[in-house]
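Student: Could we go through the helix packing in this one, and then look at some individual residues?
Tutor: Certainly; let us begin once the structure is on the screen.
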Amino acid sequence: MTSKQVSQAPFAFDALLDRWRTRREAGPVRYDEDQKLWQVADHRGVTAVLADPATYSSDFSGLVPTQEDFETFRRGNFVGMDPPAHRTLRTLVSQAFTPRVVAGLEPRIEAITGELLDAVADHDRFDLADALAYPLPIIVIAELMGVPVSDRGMFQDWATTLFAGDGIGESLDMADVEQALDSIAPTVREMNGYFLDHIRQQRKDPGDGLMGRLLAAEVDGTRLDDQEIVGFVALLLVAGHITTTALLGNAVVTFDRYPEAAALLRAEPGRLPDAIEEVLRWLPPFPELGRRTTRDVELAGRTIPANSVVMANLATANRDADRFADPDVFDVTRSPNPHLTFGHGIHFCFGAPLARLEARIALRQLMDRFSALAIPCRDEVELQNPAVIVSVRRLPVEVRRR
């Protein structure tokens with residue numbers, strides 16, 4: 001079942017999709033004079049960049065402005081690390097955040113989703129972002145870590161500050177990066193202090209939550225120190241929950257644009273996992289990943305000098321005609337679907353299984369509860385800054401119950 005019709009009303013992400021198309025058509029590898037960096041747009045090239053951390057480093061030390069509060073956060077944030085530090089930290093964290101732990105969350109995610117939707121049971125119209133997409137992953141991760149769910153409003157405020165991107169352009173340059181770091185430094189400082197307090201309490205009285213398991217994790221006599229746990233927990237809480245928030249909102253706005261796809265899922269709910277993968281391909285929450293070259297390297301016939309910034313464009317790679325049939329068609333039956341939205345190689349997204357599980361449960365309950373769910377006025381949909389994250393900020397919907 002493919003979706004080739006375009007609704008008469010504009011789609012919230014039309015301008016962004018056009019920008020990605022233009023970038024893809026510019027060639028697989030090109031130098032961006034305005035941003036002073038290299039753009040890699042094809043599936044093969046992006047895969048090559050992400051698969052070779054020795055050549056394409058995730059460590060931007062010396063290339064981006066430093067900020068004291070972020071240096072504290074960075075110690076446990078293995079997204080910005082290369083081997084062997086990355087391997088050591090990820091191995092330690094993997095002992096506590098296992099596939100079994102994630103799978104065991106399913107009944108609780110079902111219950112939380114039900115409770116959140118019960119809260120709007122008498123509403124024919126509500127903001128889906130506020131009612132479900134934001135609170136669901138926050139509650140799940142807060143419970144998983146063993147921190148008070150009552151603090152979820154603060155967690156959401158943190159995420160809003162970190163990912164809003166207000167006041168910066170849609171194409172980040174180093175001046176934007178420096179401005180962004182300065183503006184969110186107080187929030188990062190508050191997060192660091194909050195999690196350090198909880199870690200110290202857990203060291204005195206270890207619980208059975210994720211934080212307690214992180215304290216006990218050990219590889220070859222090495223354990224995580226407090227700052228490393230702070231970095232990972234903050235990464236999981238903020239980046240982990242905002243990915244699910246984006247995925248849920250992006251799914252709803254895309255199904256609204258392509259109602260025949262939504263109708264097929266209602267008729268054949270077993271297709272939902274494939275539909276989620278297609279939403280991920282179509283609208284990756286984080287469409288670009290930055291890397292730094294450690295040596296001169298040739299890619300797609302271009303020589304990229306050492307110490308260059310390379311942007312691996314996941315969004316354009318996800319629309320590479322050499323890898324995907326009809327790449328500009330939204331097709332909820334697409335399988336296989338080798339999109340790169342969760343990355344590739346050693347930095348493949350750690351929280352991908354949890355995001356997929358939460359999205360599957362939430363979308364299934366929405367379809368089970370409501371015989372119809374639509375966006376009554378697309379002008380009321382408010383987006384985040386796509387330079388930071390591809391996601392909705394507000395998503396008013398209208399529903400009809402069964």
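Student: At what angle do α12 and α13 pack?
Tutor: In this predicted model, helix α12 (residues 226-257) packs against helix α13 (residues 259-267) at an angle of about 110°, and their axes are 5 Å apart. The two helices are therefore roughly perpendicular to each other, since angles of 65 to 115 degrees are assigned to that class.

Student: Which residues make the contact?
Tutor: On the α12 side they are Phe255, Asp256 and Arg257, and on the α13 side Pro259, Ala262 and Leu265. By character, 4 residues of this contact are nonpolar and 2 are charged, with no polar ones.

Student: And how far apart are the axes of α12 and α14?
Tutor: The axes of α12 and helix α14 (residues 272-282) are 10 Å apart, with a packing angle of about 95°. This pair is therefore roughly perpendicular as well. From α12, Leu247, Asn250, Ala251, Thr254 and Phe255 take part; α14 contributes Ala275, Ile276, Val279, Leu280 and Trp282.

Student: How many residues of that contact are nonpolar, polar and charged?
Tutor: The contact of α12 with α14 has 8 nonpolar residues, 2 polar ones and no charged ones.

Student: Switching to α4: what do its buried residues pack against?
Tutor: They pack against α5 (99-103), α11 (210-216), β6 (218-219), β7 (222-223) and α12. The buried residues of α4 are His86, Leu89, Arg90, Leu92, Val93 and Ala96. Viewed down the helix axis, they fall within an arc of 160°, so they line one face of α4.

Student: What about its length; how far apart are the end C-alpha atoms of α4?
Tutor: They are 18 Å apart, which agrees with the 16 Å that the 12 residues of α4 (residues 85-96) should span at 1.5 Å a residue.

Student: And α9, what does it reach from first to last C-alpha?
Tutor: Helix α9 (residues 152-163) reaches 16 Å with its 12 residues, close to the 16 Å expected. Its buried residues are Phe155, Trp158, Ala159, Leu162 and Phe163. Seen down the axis of α9, these lie within an arc of 105°, so they line one face of the helix.

Student: New topic: is Leu357 buried or exposed?
Tutor: Leu357 has a relative accessible area of 8% and is therefore buried, the cut-off for that class being under 20%. Leu357 belongs to helix α16 (residues 352-369).

Student: What does Leu357 touch?
Tutor: Leaving out residues up to four places away in sequence, Leu357 touches Val102, Glu106 and Ile109.

Student: Anything unusual in the backbone; where are cis peptide bonds found?
Tutor: One joins Pro83 and Pro84, with omega about 5°; Pro84 sits in the loop between α3 (68-74) and α4. Another runs from Ser335 to Pro336, with omega near 0°, and Pro336 is located in the loop between β12 (330-331) and α16.

Student: Which residues have a positive phi without being a glycine?
Tutor: Ala300 is one of them, with phi about 55°. Ala300 is in the loop between β9 (297-299) and β10 (302-304), and its 51% relative accessibility means that Ala300 counts as exposed. Asn307 is another, with a phi of about 65°. Asn307 lies in the loop between β10 and β11 (309-313) and, at 47% relative accessibility, counts as partly exposed.

Notes:
Residues are numbered from 1 along each chain as its sequence is written. This is a predicted model: local features need pLDDT of at least 70, side-chain atom pairs count only at pLDDT 80 or more; totals for chains, interfaces and linings use all residues. Side-chain values use heavy atoms; hydrogens and water are left out. Axes are lines fitted to C-alpha atoms, for helices over the stretch in contact, and angles run from 0 to 180 degrees between N-to-C directions. Helices (H or I, at least four residues) and strands (E, at least two) are DSSP runs, numbered from the N terminus. Angles under 35 degrees count as roughly parallel, over 145 as roughly antiparallel, 65 to 115 as roughly perpendicular and the rest as oblique. Contact means heavy atoms within 4.5 Å. Ala, Val, Leu, Ile, Met, Phe, Trp, Tyr, Cys and Pro count as nonpolar, Asp, Glu, Lys and Arg as charged, and the others, Gly among them, as polar. The expected span of a helix is 1.5 Å times one less than its number of residues. Buried means under 20% relative accessible area, exposed over 50%, partly exposed in between (1.4 Å probe, protein chains only). The arc is that of the directions from the helix axis to the C-beta atoms.
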